[in-house]
Every structure is written in structure tokens, then in C-alpha cells.
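Me: I'd like a close look at one part of this model: the enclosed space inside it. Please walk me through what lines it, and follow that wherever it leads.

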Amino acid sequence: MEQKTRKNWLSDYLNSGRIYRADLIVILAFFILSVLLLWLFPRFRFPVERQETLKSACMVKEYGNRIYVLDSGHSRLLVMNEKGELEFSIRGNSREKDTFTYVDDFTVDEEGNIYIKEGQWDGMRVCREAILVYSAVGAYRETLRDDIYTDAIDKHRIYGISVSEGVLKYAISYDTNVEVVQKQLNGGEQSSEILEYQNAFHRIADIHIAGDEVYILDKNGIISYLKDKECSQVYEGDASEIPYQFCVTETGDIYYTDIRGNEVKRIKAGTHDASVELKQATYYVSVNENQQIWIANDDEVSRFEKGRILQTISHPLIQSGDRALAYMILLLWGLMALIGMIILLRLLFLLRKIHLSTIQMMSILIICSLVITSVVLVYNLLSKFEGIYRERIYNQIEMSAYAIANEMNAADIQEINQASDFGNVHYQNVIRTMENIIDDRLDSNRQIYCNILRYDGAGKAYAIAYLDQSIGTYYPLDDVETQEVIKVYQTHEKVWNDGKDDITGNYIYVKVPVLNGDGNVAAVVAVGTETVVVSDMISTMRHSIYTMLIIIVILLWLAVGEMNSFAFGYERYRYESKVRKTPFPGHVVRLQVFFVFTAYNMATTFLPVYIMRHTKNLPGVLQELGASIPITVNLFIIGVMSLFCSHLLRRFGFQKLIMCSILFTGMGSFCMAVFPTYIGIFAGQILDGIGEGIVMNAIYILLAALPDEADRAEGFATYNAASFSGINFGMMLGATLASWISQRNVFFVQLGIWIITAFICFVSYKQFAKMSQVLISDDRAPKGKTTVFLKDKQVISFMTLIQNPYILLNGFVFFYVPIFCDAHHLSETVVSIIYMIYAVLPSYFGNRITSFMLQRFHKNAMYFASLLNPIALLVFACSPNLYGLIVALLVLSFSNSFGKSIQQTYYTSLPATKQYGEDYGMGIYNFTENIGESVGPAIMGTLMSATHLIPAVGCFSGLLTILTGIHARIARKD
């Protein structure tokens, strides 16, 4: 009998169309597990012991009792103990702000913290340089410098990163000088010194900073010493060697690699002569504190002393982890999967209870048919286009190669033979010829490279000039390319390679001959691109098309959903008109609110970034503050208008007031479109704030003045659901249009939406007139004094402890999220999809969740919503990446699906509010809310730019929790 009862309970629970308290517990558990997993995941390792293969090792250094090896095409850093046993690895290959794609250099401080200098590539150009800090266990901590390049930068600028006694130092090369930067890691103070060095950007091959001393290796083979703005020559390579990279020991000895002689050489401190220390082919050399030499050689790294091998590290490398932690995380994953299945089952059973009308079924069938047809069509077209696109790239590469070969002067090439030839007249002629043919002002040319290659007739081939001048006058080629050069010399014919691998990447290229006056091959021109560039361009095109397709489908879905809501609301209104004298016109309210928020949010996905483009002249921290000021002023004015809206509504009526407000918002949109300057945007935001303040508050006041409490609760729920639906639709429509017609032109479309909104208000005059009768019949003045109302303990405690702390999170959602996504190179369309995740729960389930929470928890539900906000911030602080952002927005979405509606219901039911007048009370509510919302961008911008994010967010989240607890205590006493 007991078993049967349990089965009935489970069946009743799964099949019920109602929402139970257990559902909320399950969802909350899901969110808590998400926070734990995001926090623990960076340390997760399963299986506990695993093998790693050392591949394409390109750099090795030793600090203390650890060995650090950079491999996998500069995209992975292996950290081992002194025995060569792997402790952990830091992997890149991600374009997010808090990780790297290509490591140029790294260093380690006394505490074991790792400082990585990243150079991010976009095709064959550098698009970002950053200095990222990781802890001694490999967890990301912060980004100390982050330079985004919009111009065509063909090689990195930052060299010589070093850290000692809490001071980070590095050098930046410019056209006429070198800037040496010092940054205090504790206080954050930064200073720099400018050292004159002509053509530094192209000439410098390597920089090493040792204390206050700066050493520079020039591509012409000269090593210089800079101090007190004076430059003195330490060493000049002879004709038989090509110094490529170097390091300086604590005793002042200089070790450098000679890539022509395949040797490591040493210059003793105080001398100007070099001696061979190691006859071993290598590109990179480092020396530990015991004067032992480390070199990397593809699949192994070795340590030498006086030419003798002391240690060799090769694969397989065994990495061990914390067994207890690994199994705990697996257990949490299992629990999360189980809870996720329960949530999915509940959703499926709830969907079974939903009876779709013929109109809804037709809408779903139309959208599904459109999706299937579009996907099939787009897939077939893209498959054909890919082949055509690849062929076009191959043709461009070959045409460029032959154009350069035909223009190249063979006599100039013959005069480039040693390091000192870098930068001479003949070298400049060769570079100029390449630059004239491959003009980097064309975007297509920024994706290809060009090298001039020679064969010495004795089995060796080498490069003498690179288009980007990243390499000097000699760079040895590997066996594959050497054989290709020999083949061109022998046959005088082109040679293709469509998939050549080396430690720097995978390439597609063609080699063609440069003929001298006798018809013999004097050199070889190699033009190509990385295969990843081609695949990335095609992949980007695919993603943009599929993303656009998804957005169009979502827009149709949202539009059809609002049409259905309007149709069902209208039928309900007609039915209730026969039963009640003044039924609630929810269909009209929803439609009006939907269009208002659609127009208002069309620029949400890009507005902070759009404004920030006009604050670039300000220092870094002030840029975000400057961008937040117009938005803050806009929100403040919306709040101020709420103080006057009730008076204006009673005096002029709803229709005249809305028409006036739309005039202001339209002028604001027009101003931002016609005058795209900071002043123009600022003025547009002021005008928009006046108009928005009137229309939003007018609707709010009408809802607050409804005499029936059930109508009032339904009105607030309808308003919130329609506002989130409009937010979604407006953001997606604006983001889509921004990618089609530019961000500026979106404001013209926004003006058109406001005109449509005015038309809806005009057509729906009768319904809004009936709602306004209560206001018209009342006195024109508040029933009580404003000062008395604001001094009420319940009112003031609600505003300061619940309402404003809750609304601050809008600054995170609508100000910080677009800036975060822009920093992570996400387009407006992707941002709109992220916002869709945030708005889907309040938009489609807000009414039902609000009704349930009110029935089960009454006013306590607003405390639950307030406590979810700190959880969301902590989620993002523990995992400040795209995944953490999505989980945080999901938490905020659930909170907003009922939190604000219940707060409004609680506020309007307070005795002081009833005595003062719900409509005037709602005006005060909107004012204080917008004051809190206006400071949200500044607070969140400052908080999210904190050096130590988790402690900062933890303190702020703790404060929010304490405020919620204080109000719960006060309310319980009352």
C-alpha cells in the first residue's frame, strides 16, 4: 500500500500542471551546484593520472625548483618539478579576454605566479597584446595589460617581460623609440622611461631587462646596452653568424643563439668577444642560476652544463591530480545531471498539459518549416561557396607571388647575405617591392605573407627577407621547405603545398622562381597563408549566417507569441465585458508595453560600446565612467519624471501625455542618429529619458490605480512579462539591424517604432480611457503629505533595503554585459542571444511563477528573489568568462520572473501607500527605483574592473545579503 502511495505521489508530481515548492528547491539546487562547479572546475582533472605528449616545444625556462616548457605552437605552458614530472598545464587557444592564444614570452615571480605575454593573431596580423597573470597552481588571476590593435600591426611590440621584488617590467617598441614600463604589482603604480632607438619596431629582434639594465638585440646582429638613455654597443656578430635570441644572467653574461652556425654562444660580462658554449641547433636558449643551459628541440627539452647533457625531458609526461577533489567534482556533476533530468522531465510533463489552439499550431508549423527549409538551403549553398572561396584564395596567392617575382630585382637579392645587411639599401628595395604588390590597406592582403628564400648550393636553404620584417636576413628552412626550394631552382616551376605543418602553424603556400638576367633562379618567392585563416573565415561566415537565421526565427517566435497573447487577451476581455462593467484590458496593456520596451532597447546591445568610442581620449578607468554618464543621466531623468507623471496624467489624460512623450523619445532617437558625437548622444539620452519617463510611469500609474487587487497584481505581472518580451525583441531586432545597416542607422528605425507605438495608443484610446476613470474621478492631489509618506518606516526600509539593492543588478545586465561581450569579440547578434537567455523566463513564465510565489510564500518571495542576485554575482566572479556569464544571467532571469512583480504588489499594499494614494505612491516608487538604477552602471563598472574580482564581489554580495536580512527582520516586527 505504501509503495502504491509513493507511485501515485511521483505520478501526480510529474503530471501536475502546477508549480510546487519542490520545483523551486530543485532549481535552486541546480544553481548552487553550478556555482560550486564553476569555482572548482579550473582545478578539475580526470582521469586523476594522465599522459601528456610534449610536442613542438619552443621555449623552456627554469625558476626555483620548477621547469616551464612552452609547446603546442606557443599555445600551452607545461609546469614540471625539477625531476621533469608534470604538475599542471595552462592551455590557451581561446580568444576570450582572460586567456591566451599565442604566448610570445613568460616569466615567474618569487611566489611562483606566472606572467604570460600574449600576442593574439587575426590572420597574419597581431590584433591583441596582453599580459596575463596565473597563480602558482595555474588558475587565472588577472590581466595587467590588454592592448587591442585596430591598425595593421604585423608583429608584436612588447618584449623583455620580467618581474622581481613586486615590480613588473617590460619594453614596448615604437617607430623611433623604446618605452620601458615599470608597474608596481601591489600598489598598481606605473611609470615609464622613453629611450630613443630609430626604427625600433622593425629593427629589434629581442629585448632583455635585467634590473635597471636594458639589453637589445638588433636584427643586424648587434647587441646594445641601454642605461640612463645612453646606448652602448656590447657585441657585433661577424659575417658567419646570425644572432637570433638571447638572455642575460645575473652575473651579466650574455648567451645567444646563432641560427646560421646552429650554436649557442656566450659573451662574458665586461668583454666584447663571443665563445661557443654549445654546438646544438636551437632557436631559443635560457640559462638557470647555476649557469646551466636549457634548450627546446621539438619533442624534448634538454639541460646542458659545459656542453654535456645533464637532463632530457621528453614524452610521455605523467600528470597527477587531487584524487579526492576529482571524485568530488564527478559526484557534483552526477548530481547536477540528475537534477537537470528532473527539470527536463518536469518541463516535458508541463508541456503536455498545454493545449495549443489551431492558431498556435499553425504558427509552430510555419516556423518549423521555415527553419528546416532555411537550414537545408543555407547548408547546400555554403558547401558550394567554400570550394569557390578556397579557389579564389589560391588564385590570389599565386598571382601575388608571380607579381612580386616579376618585379623583384635579382641584383638586390644577391647583396643580402649576412646579419649586417638588414636594413641596407638592397634590403629596403626588396621589402618595398613586396609592400607595393601586397598592399596591407586591402583587408584581403592582411591575410597573406611573403618571404624571399635562397639556396646556397650546399644543401641549405634559408629566408633572407620577410614582408612583415619579423625575421632578419637569415632564417634556416626545415627539410620540407628546403626540398621545395631546391625543386624550384631545378625546374624553374612553381611548387604548391596546401598543408605544411611546423611549430608556428599550418600553412598553404606557393613558391615561384625569381630569375636573373641569365635566366637562372636567383631566389624563390613564397606567398601563402595559414590554413586556419581560411577555415576561420569560412567558419566565421557560417556562424554569422546561422546566427542570423537563429535570430530571425527567434524574432518570428517572439512576434507570433505576442500576437497570440494579444488574441487570447482580446477574447478574454470580450468575455469579461459581458460579466464585468470595467474588465482589465490586459491585451492592450501588453501590446503597448511590448512596443515601448522594443523601441527603448533597440540600442541596448551596443549603446555602452557606441558611447565608449567617443571617450577613447580619456584614461582607461575613466572611459567606462564616461560611457556610463549618458546612460546614468537617462535613467535618472526617467526617475525624475515619475514625480510629475501622476499630475500630468490627471490633467492631460493618457492619450495626450503618451503622444507628448513619444515626441520627446523620437527627438532623442533623431538626435543620436543625426549627431553621432558624445554631446549629441548625451542630448539624445536626455530627451529619451524625458519621453521614457512619461510613458513608462504613466502605464505604471494606471496599473497601480486599478481598484481591484487581483487586476492590479495581474497588471504588474503583465507589464513585467511584456517588458521582458519587448526587451528581447528590441535587442535582437536592433542587433540584427546594427550588423546590416550600422549602429547609427538603428536610431532611425527606433524612431519608426516610436511612431507605431503612438498609433497603437491612439487606436486603443477607449480601453485606456476606462482605466483612467479612477484617476479622473479622484482629487488632483495626493491623499497624504509626501514628507509623511517618505518618513514611514515600512516605506523607507523597503526602498533602501530591498528595492534599490535589487535594481542595482540592472547595471550588470544592461551596462556591463555589452562591454564584456565587446571585449571578448562577440557581435551584437550574439549579445542579443545572450539576452534572450536572460529574458525568456520572465517573458513566458513570469505570470505563472509570480502567481505561485505569491500563493506559497507571500511577501517572503521577494526576499528569495533578492538573495538570488548575490548568487548570480558570485557565479560570475568565480568564473568570469562566457559560461559564468550565462549561468549568472540564468539566475538573474529566474529572480526577475517574480521578484519585481511581488515587490510592487507588496509596496502598493502597504498601509502608508494606500493612505497616500497608489498612483502617487507608484510615482515615488519609480523615482527611487530609477535613482538606484542610474547608479547601477557606475557601481558595476567599478566593481567588475576590480583587480581582485572575487573578494570585491564577495564583499558586495555580502552587503546585499545583509540588507535583505535587515528588512526581513524589520518586516517581521511590523
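Reply: First, a bit of vocabulary: helices here are DSSP runs of H or I with at least four residues, numbered from the N terminus. Keep in mind that this is a predicted model. The count comes to two cavities of 30 Å³ or more.

The largest cavity holds about 700 Å³ of space. Its lining takes in 37 residues, with Y600, N601, L635, F814 and E933 nearest the centre. Among the helices that each supply at least two lining residues are helix 12 (620-652), helix 15 (709-741) and helix 26 (918-944). Split by class, that lining has 20 nonpolar, 13 polar and four charged residues.

The second largest cavity comes to about 50 Å³. Around it sit L801, I802, P805, Y806, S866, N869, L960 and T964. Two or more of the lining residues come from each of helix 19 (793-807), helix 22 and helix 27 (949-973), and helix 19 gives the most, with four. Five of the residues in this lining are nonpolar, three are polar and none is charged.

Now follow helix 22 away from the cavity. Its axis and that of helix 23 (residues 882-896) come within 8 Å and cross at roughly 175 degrees. Angles over 145 count as roughly antiparallel, so that's how helix 22 and helix 23 run relative to each other. On the helix 22 side the contact includes F864, L868, N869 and F876, and helix 23 brings residues including L885, V891 and F894. N869 thus turns up in the cavity lining and in the helix contact. That contact divides into 13 nonpolar, three polar and no charged residues.

How values were computed: Residues are numbered from 1 along each chain as its sequence is written. This is a predicted model: local features need pLDDT of at least 70, side-chain atom pairs count only at pLDDT 80 or more; totals for chains, interfaces and linings use all residues. Side-chain values use heavy atoms; hydrogens and water are left out. Axes are lines fitted to C-alpha atoms, for helices over the stretch in contact, and angles run from 0 to 180 degrees between N-to-C directions. Angles under 35 degrees count as roughly parallel, over 145 as roughly antiparallel, 65 to 115 as roughly perpendicular and the rest as oblique. Contact means heavy atoms within 4.5 Å. Ala, Val, Leu, Ile, Met, Phe, Trp, Tyr, Cys and Pro count as nonpolar, Asp, Glu, Lys and Arg as charged, and the others, Gly among them, as polar. On a 1 Å grid over the protein atoms alone, a cavity is a set of points where a 1.4 Å probe fits but cannot get out, and a pocket is an open set with protein on both sides within 12 Å along at least five of seven lines; lining residues have an atom within 4 Å of a point. Grid points are joined across faces, edges and corners, and a volume is the space filled by probe spheres set on the points.
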